[in-house]
Amino acid sequence: VQPAGRPLIPEYADSFRKHFASLPATLAAKAILAVGEFASHEATIWRHTKPLERLPEHYRIRLGLDHRLIVHWQPGRMLRILDVIPRQELESWISRQA
């Protein structure tokens, strides 16, 4: 995954806002930093970003060993921050969206 298009102002889904409120402060800070780095095309975040094969234009960003940030990105057009989930729930999250 490589940055493309212009940097975008992210939109935040209700599910992200809901889960964000209950995150520990350190994890919440990591999530906000990752969103900013992804939105601004910071090179370091792309090492932690992988596409979700079953969901086109969806990506997961590693926030440490146990959590993933899920985004929907259309380069140069739209960036929507969907959720922060525990790593072990990734497959079930994808199944619910597909």
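Student: What makes β1 and β5 count as a pair, and in which sense do they run?

Tutor: Strands pair if DSSP finds at least two bridges between them, and β1 and strand β5 (residues 78-86) are joined in the parallel sense over 2 bridges, so the requirement is met. One of the bridges sets Tyr12 opposite Ile81 of β5, and Glu11 has Arg80 as its bridge partner in β5. This is a predicted model, in which local features need pLDDT of at least 70 and side-chain atom pairs count only at pLDDT 80 or more, while totals for chains, interfaces and linings use all residues. Residues are numbered from 1 along each chain as its sequence is written, and side-chain values use heavy atoms, without hydrogens and water.

Student: In which order do the strands of the sheet lie, and which of them are called edge strands?

Tutor: The sheet is open and has 5 strands in the order β1-β5-β4-β3-β2, with mixed pairing. The edge strands are β1 (11-12) and β2 (49-51), since each of these pairs on one side only. Strands here are DSSP runs of E with at least two residues, and helices are runs of H or I with at least four, numbered from the N terminus.

Student: How do you know that helix α2 packs on the sheet, and which strands does α2 touch?

Tutor: Helix α2 (residues 25-39) touches β1, β2, β3 (58-62), β4 (67-74) and β5, where contact means heavy atoms within 4.5 Å. The direction of α2 makes about 25° with that of β4, on a scale from 0 to 180 degrees between N-to-C directions of lines fitted to C-alpha atoms, for helices over the stretch in contact. Helix α3 (residues 90-97) also packs on the sheet, touching β3, β4 and β5, and its direction makes about 135° with that of β5.

Student: In which sense do β4 and β5 run, and how many bridges join them?

Tutor: β4 and β5 run antiparallel and are joined by 8 bridges, one of the bridge partners in β5 being Ile81, which stands opposite Val71. The two strands form a hairpin with 3 residues between them, and in the turn Gly76 has a positive phi of about 75°.

Student: Why is Gln74 called buried, and what does its side chain meet?

Tutor: Buried means under 20% relative accessible area, exposed over 50%, and partly exposed in between (1.4 Å probe, protein chains only); Gln74 has 15%, and is therefore buried. Gln74 lies in strand β4, and its side chain makes a polar contact of 2.9 Å with the side chain of Glu57, which falls inside the limit for a pair of N or O atoms (within 3.5 Å; within protein, one able to donate a hydrogen and the other to accept it, with sequence neighbours counted only if both atoms are side-chain atoms).

Student: Where is Glu57, and why is Glu57 classed as it is by accessibility?

Tutor: Glu57 is in the loop between β2 and β3, and its 35% relative accessibility makes it partly exposed. Its phi is near 65°, which is positive although the residue is not a glycine.

Student: How do you know that His41 is buried, and Thr44 not?

Tutor: Both are judged by relative accessibility: His41 has 18% and therefore counts as buried, whereas Thr44 has 31% and so counts as partly exposed. His41 is in the loop between α2 and β2, and Thr44 is found in the loop between α2 and β2 too.

Student: Which residues touch the most other members of the largest nonpolar core?

Tutor: They are Phe38, Leu69, Val71 and Leu79, in a core of 21 residues. α2, β3, β4 and β5 each supply at least two residues of this core, and the largest share, 7 residues, comes from α2. A second, separate core of 9 residues includes Leu82, Ile85, Leu90 and Ile94. A nonpolar core is a set of buried Ala, Val, Leu, Ile, Met, Phe, Trp, Tyr and Cys residues joined through side-chain atoms within 4.5 Å.

Student: Which residues of α3 are buried, and why are they said to line one face?

Tutor: In α3, Leu90, Trp93 and Ile94 are buried. Seen down the axis of α3, its buried residues fall within an arc of 100°, so they line one face of the helix, the arc being that of the directions from the helix axis to the C-beta atoms. These buried residues of α3 pack against β3, β4 and β5.
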